Amino acid sequence: MAQIVIKNLRKEFGDFTAVRESSFTVEDGEFFMLLGPSGCGKTTTLRMIAGLELPTSGEIYLDGEEISQRRASERDIAFVFQMFALYPHMNVRKNISYPLVSQGMARHAVRAKVAEVAAILGIEDILERPVGGLSGGDRQRVALGRAIVREPKAFMMDEPLGALDAEFRERMAEELRALHDRMGATTVYVTHDQLEAMQMGDKIVVMNNAVVEQFGTPQEIYDKPATMFVADFIGSPSMNFIHFHGRVSAGSTSLHMHHAEFAVPAQREPFEGDMAFGVRPEHIRLSDAAPFRGEVVATEYLGTTQIVTLDIPGGEIKARVPATTVVRAGETVGLEFNGATVTLFDRQTGRALKSELNEGVLHG
Amino acid sequence: MAEVILRNVSKSFGKTAAVEDMTMTVDNGAFVVLLGPTGAGKTTTLRLISGLEKLDGGSILIGGRDVGQETPAQRDVAMVFQQYSLYPHMTVRDNLAFPLRSPILKTPEEQVARRVDEIAQTLQIPHKLDNKATELSGGEMQRVSIGRALVRDPAIYLMDEPLSSLDAKLRADLRVELKRIHSDLGATLLYVTHDQIEAMTMATHVGVLEAGKLVQFGSPRDIYEDPTSIYVASRLGLPRINILPSSLFAGAHKGPQIGLRPEHIRQGVGVEARVIRAEHLGDQTRLHLDLNGHAVTTLSDPHQDYEPNATLKISPENPLYFDASGARVV
């Protein structure tokens, strides 16, 4: 299996730049997510790694070898499209065998290999069935089998679960991740679903407007977002931004905002101007004593927790609090923020200000 | 607005019973969500109430009046479908006004204008009123189609998965908006979905459907905390409730099957389980465990790290018990 290194990768289609100077590393055996909204360049990046598009500039290393200008067939990478792409006139066995037969592998070797893959996927009993009558899950397993059977150095997957309904997607995501854990194959996976990325990924690259916004582990990206885009895109409900005009200096551990004083992680750079105070919903506490107050707009029951939407000076925020807390729409409550988790942003550029919290994570 | 009562309602298509002997009351001013997987009979129930399908048996009362023999128009209900269906050549204003200008209602024009403006405010689209319907984003179009139902003052609003075609962020916004509309207008709503978040967050009452039958009806909290069966318990809660043989845990048990919500598993004492994988979702970490060959999902502190194959002791906390058939044992 393989390590993939992406260096300053760029892709232009005519006047349109789909991917701008992107760099990141996929370690051997990682389940790696390319995450972003549609049109951000994630699929183009995946297609360049697979060799379905040639980069305008930049390099791609597969196990130390530069492959960016090689043909797809010479890269030893398997691409899994929407998983339902099967040959409808062939049975399951023929669908899975196809990549091997077309490579000219001997028939008994093909048989042995298909048996092995079928065992991994738990589809031994449907090998002779036509693919037409299979359930969605089985069709997906067959499509996966066709990718696995070649034993490529790495797998590229483009929104493989996108077309499935919520309940089934959850199950297939687990199955896919369990399969990865058994095989340990380097996998690059494109999705626009942040929950899917957090759930399945060892590492995540967040892309927006052709640019890599951040690259790291799911928890790092969640706790220490590099930009307002990332903070907003990751998490449900997403991070709250309280807008204010203010000032911090290097070493500040608190700041003044909307006539109140708030603790923040020790700041590492001075800043003055339009800022956003970023705080996650679960780091807000309702407290009668707190001087900073908001009016409850709505509550949403979620079983163990509830989401409370509040009107505050500088906008609207959402807090995640235990379902046992009694809150009613229309009442005014005090709010406390867990200062150690706060990220401040420069609202002009969307960039996170450096602090004790995000030290060592932010690039640039 | 009015109360809607279903009495022993049944409907079959060929040999398939789509709705079986359903009895349910939607109180005036209630927001009832029918929850169930595909094929549970949710949409058929809505269509029976609206008059788009004919009853095989039972009766439906709207505001005390038996509507069994009435046409959809006579029933005074407003329906919102999953796919927004707007008139593409009309402006947003004309789309919203359309139901009021129908020959049955014959609303005076100044009243139409006032009503359209009110609804546009509620849905936060007053600046879009003079746009063509085709110039709107998906979320705006769905808001207009909800608005087209809201301009009328029917006995009940019937909504069939109106948010399912929207992206996650917009869905979250519209959930809050629908809830606000419901409390502002004091409207009566019957809403169908397979999305448990929508059911839990918006409903005053949830009706859980299983194969055409109403199996439980109550507040979201009742359904979550006090389910009558494994089927109902599995409909609400993410990650899903763990259903395990009670014998895996020491002590006396009220039934052969134990139901543990992920947050109802205590760590540090009890039987040993093996860590399969930790999923860091940011605000919570989902821990996938193997307990004597049974998969168990629980939650843990977001910043706790677990190595695969590490072991961990777990024991039940506030368990639910079920008999062999899946019915709750109290």
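**Close-up views of a predicted model**

**Figure 1. Chain A, seen as a whole, leans on long-range contacts.** In this predicted model, residues 24 or more positions apart account for 65% of the chain A contacts that have a separation of 6 or more. Chain A has 364 residues, and 42% of them are buried. Its secondary structure comes to eight helices and 20 strands. Taken along the principal axes, the box filled by the C-alpha atoms of chain A is roughly 75 × 45 × 35 Å.

**Figure 2. Here helix α2 of chain A packs on helix α4 of chain A.** The two stretches are residues 92-103 for α2(A) and residues 136-148 for α4(A). Their axes sit 7 Å apart, at an angle of about 25°. Angles under 35 degrees count as roughly parallel, so that label goes to α2(A) and α4(A). As for handedness, α2(A) and α4(A) make a right-handed crossing.

**Figure 3. Now for the residues where α2(A) and α4(A) meet.** From α2(A) come A:Val92, A:Asn95, A:Ile96, A:Tyr98 and A:Pro99. Across from them, α4(A) puts in A:Val142, A:Gly145 and A:Arg146. Sort the residues of this contact by character and you get five nonpolar, two polar and one charged.

**Figure 4. This view goes into the largest nonpolar core, a set of 93 residues.** Which residues have the most contacts inside this core? They are A:Met33, A:Leu34, A:Val80, A:Met156, A:Val188, A:Tyr189 and A:Val205. Take A:Met33 for a closer look: leaving out residues up to four places away in sequence, A:Met33 touches A:Tyr189, A:Thr191, A:Ala197, A:Met200, A:Gly201, A:Ile204 and A:Val205. Two of those partners, A:Tyr189 and A:Val205, also turn up in the list of residues with the most contacts inside the core. Another core, of 80 residues, lies apart from this one, and its members include B:Val4, B:Leu100, B:Leu236 and B:Ile241.

**Figure 5. Last up is the contact between chain A and chain B, with 21 residues from each.** On the chain B side, the elements giving two or more residues are α5 (168-185), α6 (196-202), α7 (220-225) and β13 (265-280). Which of the elements gives the most to this side of chain B? That would be α5(B), with five residues. The side of chain B that touches chain A is a mix: nine of its residues are nonpolar, four are polar and eight are charged.

Conventions: Residues are numbered from 1 along each chain as its sequence is written. Chains are lettered from A and ligands numbered from 1 in the order in which they are written. This is a predicted model: local features need pLDDT of at least 70, side-chain atom pairs count only at pLDDT 80 or more; totals for chains, interfaces and linings use all residues. Axes are lines fitted to C-alpha atoms, for helices over the stretch in contact, and angles run from 0 to 180 degrees between N-to-C directions. Helices (H or I, at least four residues) and strands (E, at least two) are DSSP runs, numbered from the N terminus. Angles under 35 degrees count as roughly parallel, over 145 as roughly antiparallel, 65 to 115 as roughly perpendicular and the rest as oblique. A crossing is left-handed if the near helix is turned anticlockwise from the far one by less than a right angle, and right-handed if clockwise. Two residues are in contact if their C-beta atoms, placed from the backbone, lie within 7 Å. Ala, Val, Leu, Ile, Met, Phe, Trp, Tyr, Cys and Pro count as nonpolar, Asp, Glu, Lys and Arg as charged, and the others, Gly among them, as polar. A residue is buried if 20 or more other C-beta atoms lie within 10 Å of its own, exposed if 12 or fewer, and partly exposed in between; C-beta atoms are placed from the backbone. A nonpolar core is a set of buried Ala, Val, Leu, Ile, Met, Phe, Trp, Tyr and Cys residues joined through C-beta atoms within 7 Å.
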